[in-house]
Amino acid sequence: MNIYRSLAEVPADLGPTVVTIGNFDGVHCGHQTVIREVIARARALKAKAVLVTLDPHPTRVLRPERKLQLITPTDVKLELLEQTGLDAVLLLPFTRAFAATSAKEFCTTVLHDALHAVEVHEGENFRFGSGAEGDTHSLETLGQTLGFTAKTFAAIESGRTSISSSRIRYEIAEGNMSAARHMLAREFFVDSTPARGRGYGTKYAVPTINLAAYDDLLPAHGVYVTDLHIGNETFEGVTNIGNRPTFGADSFAVETYLLRFHPVDLTEETPLRMTFHKRLRSEQKFADPEALKTQIFKDVARAERWFALRRLFVR
């Protein structure tokens, strides 16, 4: 998958293309449906399948006070998109100046002039252009002038609610990992590194590890069944997200107890990927460290049962 980080990087002979445009945070089931159709149509038309997205997310530029936390930061989003079979992603830098681009100008400069689009596929809630002036109807009208057809997709439902990035963010923030997994069609994970100042050396021999500060979306405070990927190894674990109220101080941490641990090479720059499977309980304040230790043994036992069942069913 080619990645173009500005219009200037797009080859003049890239087209014809079949295109979809959006933020694609999470690359969830709804996104995947549109992308599959884009790829199928591109193959049928002997065109290139191209996805156009924005970096940073427009909300972070236009409404920074919201402090939007993403399901998939840009590098993870690109990793997931590469797995779909797209030919290219155009990653447009989003600024306040770019936000002032009219719907007509966007279609002309991006879809017509740069990508030579013949089809554009969007969800029914798609909005674009200055002040979100454009929608799927205006996209269809502009396409008639600029030589592309527009196809609109109805939202995919989960229960009685449409699948959307905002709903998935809500479910993750509430600790509802099963609901998030259903809408993402994968487990939720975060990429980080070990927390600094924890004494990581060439061989790390302690079965607990803390993640470095993470600015994007994390599940609700509580205890989770997790996998922690360190290099080529995956450790089953129990992870606590929270402020550790039993010890009094406000000391937020994402701390994992690794099951069946053995010493590993680890530095403060080692990439870590934590996958969240199931929430065991909410964060609690215990009477003393001994009561907390007793609860941790119970959490580990529940996690062990979960992993035992997984091993049974995935053999």
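This is a short chat about the sheets, one helix and one surface patch of a predicted model.

Reader: What kind of model is this?
Author: A predicted one.

Reader: Which order do the strands of the parallel sheet take?
Author: The order is 1-4-3-2-5-6, in an open sheet of 6 strands with parallel pairing.

Reader: Which strands stand at the edges there?
Author: Strand 1 (2–4) and strand 6 (149–153). Each has a single partner strand, so one side of each is left without a neighbour in the sheet.

Reader: How many degrees are neighbouring strands turned against each other?
Author: On average 25 degrees in this sheet, with direction ignored.

Reader: Take strands 3 and 4. How many bridges join them?
Author: There are 6 bridges between strand 3 (residues 48–55) and strand 4 (residues 88–93), and the two run parallel.

Reader: And what stands opposite Asp55 in strand 4?
Author: Pro93 does.

Reader: Switching to helices. How many residues has helix 1?
Author: Helix 1 covers residues 29–45, which is 17 residues. From its first C-alpha to its last it reaches 24 Å, close to the 24 Å expected at 1.5 Å a residue.

Reader: Which of its residues are buried?
Author: In helix 1 they are Cys29, Gly30, His31, Val34, Ile35, Val38, Ile39 and Ala42.

Reader: Why would residues three or four places apart point the same way?
Author: An α-helix has 3.6 residues a turn, so residues at that spacing point the same way.

Reader: What follows helix 1?
Author: Lys46, and its phi is positive, near 55 degrees.

Reader: Back to sheets. What is the strand order in the antiparallel one?
Author: That open sheet has 6 strands in the order 9-14-11-12-13-10, and the pairing is antiparallel. Its edge strands are strand 9 (188–192) and strand 10 (208–210), each pairing on one side only.

Reader: What does the twist average there?
Author: From one strand to the next it averages 35 degrees.

Reader: How many bridges join strand 11 to strand 14?
Author: 9 bridges do, linking residues 222–230 of strand 11 with residues 272–282 of strand 14, and the strands run antiparallel. One bridge pair has Tyr224 with Arg279 in strand 14 as its partner.

Reader: Now the surface. Which residues make the nonpolar patch?
Author: Leu309, Leu312 and Phe313 make a nonpolar surface patch of about 350 Å².

Reader: Where does Phe313 lie?
Author: In helix 9, which spans residues 289–314.

Reader: Is Phe313 buried or exposed, and why?
Author: Phe313 counts as exposed because its relative accessibility is 69%, and the cut-off for exposed is over 50%.

Notes. Residues are numbered from 1 along each chain as its sequence is written. This is a predicted model: local features need pLDDT of at least 70, side-chain atom pairs count only at pLDDT 80 or more; totals for chains, interfaces and linings use all residues. Side-chain values use heavy atoms; hydrogens and water are left out. Two strands pair if DSSP finds at least two bridges between them. Helices (H or I, at least four residues) and strands (E, at least two) are DSSP runs, numbered from the N terminus. Axes are lines fitted to C-alpha atoms, for helices over the stretch in contact, and angles run from 0 to 180 degrees between N-to-C directions. The expected span of a helix is 1.5 Å times one less than its number of residues. Buried means under 20% relative accessible area, exposed over 50%, partly exposed in between (1.4 Å probe, protein chains only). Patches are made of residues with over 30% relative accessible area and no salt bridge: like charges are joined within 9 Å, nonpolar side chains (Val, Leu, Ile, Met, Phe, Trp, Tyr) within 5 Å. Accessible areas come from the Shrake-Rupley method with a 1.4 Å probe; for residues, only the protein chains shown count as cover. A salt bridge is a side-chain nitrogen of Lys or Arg within 4 Å of a carboxyl oxygen of Asp or Glu.
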